[in-house]
Amino acid sequence: MTMKSKFLHWFAIILILEIGFLHIMTAQKEYEEAAYMGYLFAANFFGALLAAFGIYHKQVWGWVLGAVIAAGSIAGYAWSRTLGMPGMNVEEWFTPYGVVSISAEVFLLVIFLLRPWKKHPVESLRLHNA
């Protein structure tokens, strides 16, 4: 694993944990507004923990789960600020937790697209010729 890959690997773990923690920190408030949202935020947290475990152990499913959580969170954020979630009012676009969470989710998706779990072709050749 190259230095760049190692950095991206650990940065992704930090980002998915941040996403999960931001959601669990606001789950109670969301639950009070609409119970299903509180449960979704809690599920986001537990899914993020599972994704972090998978990413740490260099499992592709961990990366995929993290990307699904990030993309779903972005979609939910946009939905809640445009149409409004069922049983809830349309929310403000720029809230402190929201902006930080969206930033982490976008960064995680960019790292996912860079695919740091894949070996570089030259590195792969060196391993086979050794």
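Let's start with α4: the elements that cover its buried residues include α1 and α3. Keep in mind that what you're looking at is a predicted model.

So who sits under that cover? The buried residues of α4 are Gly98, Ser101, Ala104, Glu105, Leu108 and Ile111. Look down the axis of α4 and these buried residues fall within an arc of 160°, so they line one face of the helix. Swing around to the other side of α4 and you'll find Pro96 and Leu113, which are exposed.

Now check the length of this helix. α4 has 19 residues, and at 1.5 Å a residue they should span 27 Å; the end C-alpha atoms are 28 Å apart, which agrees. Step just past the end of α4 and you meet Arg115, which takes a positive phi of about 50°.

From here, move on to the empty space. Rolling a probe the size of a water molecule over the atoms shows where such space is left. In this model, the largest pocket holds about 680 Å³. It is lined by 29 residues, and the closest to its centre are His23, Glu30, Met37, Phe41 and Tyr77. Four helices each give two or more residues to that lining: α1 (3-33), α2 (35-56), α3 (60-82) and our old friend α4 (96-114).

Which element gives the most to the lining of the largest pocket? That's α3, with eight residues. As for the chemical mix, the lining of this pocket has twelve nonpolar residues, along with ten polar and seven charged ones.

Methods:
Residues are numbered from 1 along each chain as its sequence is written. This is a predicted model: local features need pLDDT of at least 70, side-chain atom pairs count only at pLDDT 80 or more; totals for chains, interfaces and linings use all residues. Side-chain values use heavy atoms; hydrogens and water are left out. On a 1 Å grid over the protein atoms alone, a cavity is a set of points where a 1.4 Å probe fits but cannot get out, and a pocket is an open set with protein on both sides within 12 Å along at least five of seven lines; lining residues have an atom within 4 Å of a point. Grid points are joined across faces, edges and corners, and a volume is the space filled by probe spheres set on the points. Ala, Val, Leu, Ile, Met, Phe, Trp, Tyr, Cys and Pro count as nonpolar, Asp, Glu, Lys and Arg as charged, and the others, Gly among them, as polar. The expected span of a helix is 1.5 Å times one less than its number of residues. Buried means under 20% relative accessible area, exposed over 50%, partly exposed in between (1.4 Å probe, protein chains only). The arc is that of the directions from the helix axis to the C-beta atoms. Contact means heavy atoms within 4.5 Å.
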